[in-house]
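Trainee: Hey, got a minute to walk me through this one? I'd like to start with the strands and go on from there.

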Amino acid sequence: MSRREEARQVLRANDRGGYTVPTDRLYPFQWNWDSAFVAMGFATFDPARAWSEIEWLLRGQWEDGLIPQIVFHAPSDDYFPGPEVWGVGRSPPTSGITQPPVLATAARRVLAAAAHEEGEARMAAIYPRLRDNHRWWAAARDPHGTGLVATLHPWETGMDNSPAWDRALDRVPTATRTDIRRRDTGHVDPAFRPRAIDYQRFIHLVEVFCDTGWDPARMLAASPFRVADVGTNAILLRAEQDLLDLAIRFGTPEEAAEIAGRIARMEAALERLWDGRLSHYLARDLIAGEPIPLRGSAGFLPLFAGQARHAAELAERLEEWGRSVRALVPSTDPGHPLFEPLRYWRGPVWAVVNWMIAEGLRRCGQEAMADRVAGDTRGLIAAEGFSEYFDPLTGQGIGGGTFSWTAAIWLLLEGEEA
Ligand code: DGY
């Protein structure tokens, strides 16, 4: 069977009747940014199913516009923390935090793959939900209009245990009232996963938010973890650009102007995350009020939002990293003492991040490096299958297997090659 057919089969096997789980058992619910990539993957061969992925995710959207990180459509004992720990009191149950907002980018791409009448109608129904979600980001996470949104939990960045969060997390107490019964380490090697102390802090944060009644302003004020993540901000800027295109077609001129205003603010603010000394975009610890001096794969994502000013330097950085790893792009600078090639977001290569970086390099005129990153990604998947992530030093596939978003990226990269 061809890899393409295998990739389609992974998506079909992880289908739970309209939405997709990231992988069986390890992640038995619907995840926000996973589903955005999955929708783009489905769009390459089954656009109707791609729309359904997005529509199911939006069933979990809150009235204030929040699109949660997890929607618990059906019960499962395979994952911790489940709905009872989040305690948001909603139906369907959801978590109470969010994830990198790839959704408007995905919706625009699904529409482009199937711009027939049905696609137009489904997009028209979804557009107001995306508009409200971007308004939520601005109101809940950047109430003073700085142009940078705050993330309040490492899970919101999608890069849960990145060493970039170590110092900011030190501030988070490890005490919890919840009995921490992890399931992930029963499904995959604990050496590939966050440590026990990380989970204590992750759950402490959930309890702090729960105690605010999930009120956005109180969460922002109470959180002992508050960072301006380069990845989230770059992905949001890109999503705003895609939303602007959708607003012109499905919204009003006032909405388009509102989005354009946010884009201008965000572009200027993202540029302030550039660090001349480390020649990289760096996240900012909003509590300490200082940059986090660690180069990670998120630092390349402003390219995905078309921020081309430092494209040549970033391509050089990738060239340099490429000399010490077998496959780009390690999630952490491979020359940094905190680089761990096997542990989740502390070193491994992730296909979705690679796809965004390759797309960004291309958008910013760095074709050769875009080809290299895309080629490395294809090579990893061709050799190892649809793993959750890959060891950059050996290329070995690690974490969970038969992963939906890795399959989706295979389909996207194949489409771009054709
Ligand atoms: C987990 O549970 O590992 C996820 O990354 C949270 O989104």
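Mentor: Sure. This is a predicted model, and in it 3 strands form an open sheet in the order β3-β6-β7, with antiparallel pairing.

Trainee: Okay, and which are the edge strands?

Mentor: β3, residues 227-228, and β7, residues 290-291. Each of those pairs on one side only.

Trainee: How many bridges join β6 to β7?

Mentor: There are 2 bridges between them, and the two strands run antiparallel. β6 covers residues 284-285.

Trainee: What's the bridge partner of Arg 284 in β7?

Mentor: That's Pro 291.

Trainee: Cool. Switching to the ligand: where does the ligand sit?

Mentor: In the largest cavity.

Trainee: And which residues are around it there?

Mentor: Going along the chain, you'll find Tyr 27, Trp 31, Gln 69, Tyr 79, Gln 99, Trp 155, Asp 160, Arg 193, Tyr 199 and Tyr 344 around the ligand. Sorted by class, that shell has 6 nonpolar, 2 polar and 2 charged residues.

Trainee: Which side chains have a polar atom by an oxygen of the ligand?

Mentor: Let's take three from that shell. Tyr 79 has a polar side-chain atom 2.6 Å from a ligand oxygen. For Asp 160, a polar side-chain atom also lies 2.6 Å from an oxygen atom of the ligand. With Arg 193, the distance from a polar side-chain atom to a ligand oxygen is 2.9 Å.

Trainee: So how much of the ligand does the protein bury?

Mentor: The ligand exposes 240 Å² when taken alone, and the protein buries 96% of that.

Trainee: New topic, the backbone. Where is the peptide bond to Pro 92 from, and is it cis or trans?

Mentor: It's cis, it comes from Ser 91, and omega is about -5°. Pro 92 belongs to the loop between α4 (83-86) and α5 (103-113).

Trainee: What about the bond from Leu 328 to Val 329, cis or trans?

Mentor: Cis, with omega near 0°. You can find Val 329 in the loop between α14 (311-322) and α15 (351-363).

Trainee: Last one: is phi positive or negative at Arg 25?

Mentor: Positive, about 70°, although Arg 25 is not a glycine.

Trainee: And where is Arg 25 found?

Mentor: Look in the loop between α1 (3-13) and β1 (30-31).

Note on methods
Residues numbered from 1 in each chain as written. Predicted model: local features only at pLDDT ≥ 70, side-chain atom pairs only at ≥ 80, totals over all residues. Heavy atoms only, no water. Near = heavy atom within 4 Å. Polar contact = N/O pair within 3.5 Å; in protein donor to acceptor, adjacent residues only side chain to side chain. Areas by Shrake-Rupley, 256 points an atom, 1.4 Å probe, with all protein chains shown as cover. 1 Å grid on protein atoms, 1.4 Å probe; cavity = no way out; pocket = protein on both sides within 12 Å on 5 of 7 lines; lining within 4 Å. Sits in = over half its atoms within 2 Å of the grid points. Nonpolar A, V, L, I, M, F, W, Y, C, P; charged D, E, K, R; others polar. Pairing = 2+ DSSP bridges. Helix = DSSP H or I, 4+ residues; strand = E, 2+ residues; numbered from the N terminus.
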